Amino acid sequence: MASPSTPRTGDVLGRVTLVTGKEEFLNERTVASVRAAVRAHDPDAELAETLASDLSLASLGEMSAASLFSAVRCVVVRGLENLPDESVEGLLAYAADPVDDVALVLVHGGGAKGSGTLTKLRKLPAVVESKSGELKPSEYPSFVAAEVRGHGSAIDAEAATFLVQAVGQDLRSLSAAAHQLTNDFPGEALSVDKVKLYFGGRAEAKSFAVADAAFWGRRTVALEELRWALDGGTPPVLVTSAFAGGARGVARYRSAARGMREVDLAREVGVPPWKLRTIRDQSRGWSDAGIARAIRAVARADADIKGAASDASYTLERLVLTVTALRDPR
């Protein structure tokens, strides 16, 4: 999951790079790495781009033809899922015998649409697939660690998790944060204290702290943290996202098989081992019926904030009151 190294020219010219998956940020990195390989081979290489919905055999031929300036080209076709039926055979024929000096990149945004074309492309020797699966909650710290390693540094697990909690689960933002930290602490291992210098602020007032306090049943603390979070500019949608993560964690823990090793249980719940201990303690105050109602309350609040709710603060305060009331104080 780290920044991909630039592929060798022989891996992209005269070949088709099939980019699939829903992680747009990772997909775009693959596209950029192919372009970089082509430009490294020939600085004058031409770059072309089109939408699959506009693609025909004629237009593909035009884009892959040599120009007055260079025979080497990189052609990117986006939205492969929207390729017209009448263009499928032409594209497959090209992919079966691609032009030597052309790097063709086909980008499919994920989903079932166009899966038949993907299946046929995958069978062709000249097609190489780069697939980006959606990250699980427990995988974001690993993504951060890989980003940091890519910049020649290291980060411990707790610091990586803290950065995810502070920044959120947007890969582009996490990548930028990792780049900033490694620039400001070149060659140094990144600890929680270093991360807090830039992304802590009043870290406990971030969205995850509001959710944690609520799932502990600490109403007064949760309301106070909520005010700090909103006053500090935390988007309301991140608060509902943190609540959704907290609810899922408790629900998964309650349904997971007991007697598992802690590391296996953490993997089952989808959290790092140190976070599992918090969820384990929180879950003691929750019943299956209570957590199910909490999940519904979070979904309702999230829909209100993303929809027509005129007062996000009121919606979130109501969510805090609802969740803390559902937890059994015993």
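**Helix packing around helix 11 and the largest pocket**

Helix 11 passes helix 14 in a left-handed crossing. In this predicted model, the axes of helix 11 and helix 14, the latter spanning residues 288-306, come within 9 Å and cross at roughly 160 degrees. Because angles over 145 degrees count as roughly antiparallel, helix 11 and helix 14 are described as roughly antiparallel to each other. On the side of helix 11, the contact involves Pro236, Val237, Thr240, Phe243, Ala244, Ala247, Val250, Ala251 and Arg254, which meet Asp288, Ile291, Ile295, Val298, Ala301, Asp302, Ile305 and Lys306 of helix 14. By class, 12 of the residues in this contact of helix 11 with helix 14 are nonpolar, 1 is polar and 4 are charged.

Helix 11 (residues 236-255) also packs with helix 9 (residues 207-215), here at an angle of about 45 degrees and with the two axes 8 Å apart. Helix 9 and helix 11 are therefore oblique to each other, and their crossing is right-handed. The contact is formed by Ser207, Phe208, Val210, Ala211, Ala214 and Phe215 from helix 9, together with Leu238, Val239, Ala242, Phe243, Gly246 and Ala247 from helix 11. The residues of this contact of helix 9 with helix 11 comprise 10 nonpolar and 2 polar residues, with no charged ones. Phe243 and Ala247 of helix 11 thus appear in the contact with helix 9 and also in the contact with helix 14.

Helix 9 and helix 11 contribute, in addition, to the lining of the largest pocket, to which helix 6 (157-167), helix 9, helix 11 and helix 13 (273-283) each supply at least two residues. The largest pocket has a volume of about 810 Å³ and is lined by 36 residues, among which Gln165, Gln169, Phe208, Ser241 and Ala242 lie nearest its centre. Of the lining of the largest pocket, the largest share, 9 residues, comes from helix 11. By class, the residues of the lining divide into 16 nonpolar, 15 polar and 5 charged. Phe208 and Ala242, listed among the residues nearest the centre of the largest pocket, also take part in the contact between helix 9 and helix 11.

A further packing concerns helix 1 (residues 24-41) and helix 7 (residues 171-184), whose axes are 8 Å apart and which pack at an angle of about 65 degrees. In this contact, Phe25, Leu26 and Arg29 of helix 1 meet Leu171, Arg172 and Ser175 of helix 7. The residues of the contact of helix 1 with helix 7 divide into 3 nonpolar, 1 polar and 2 charged.

Conventions: Residues numbered from 1 in each chain as written. Predicted model: local features only at pLDDT ≥ 70, side-chain atom pairs only at ≥ 80, totals over all residues. Heavy atoms only, no water. Axes fitted to C-alpha atoms, helices over the stretch in contact; angles between N-to-C directions. Helix = DSSP H or I, 4+ residues; strand = E, 2+ residues; numbered from the N terminus. Parallel < 35°, antiparallel > 145°, perpendicular 65-115°, else oblique. Left-handed = near helix turned anticlockwise from the far one by under 90°. Contact = heavy atoms within 4.5 Å. Nonpolar A, V, L, I, M, F, W, Y, C, P; charged D, E, K, R; others polar. 1 Å grid on protein atoms, 1.4 Å probe; cavity = no way out; pocket = protein on both sides within 12 Å on 5 of 7 lines; lining within 4 Å. Points joined across faces, edges and corners; volume = space filled by probe spheres on them.
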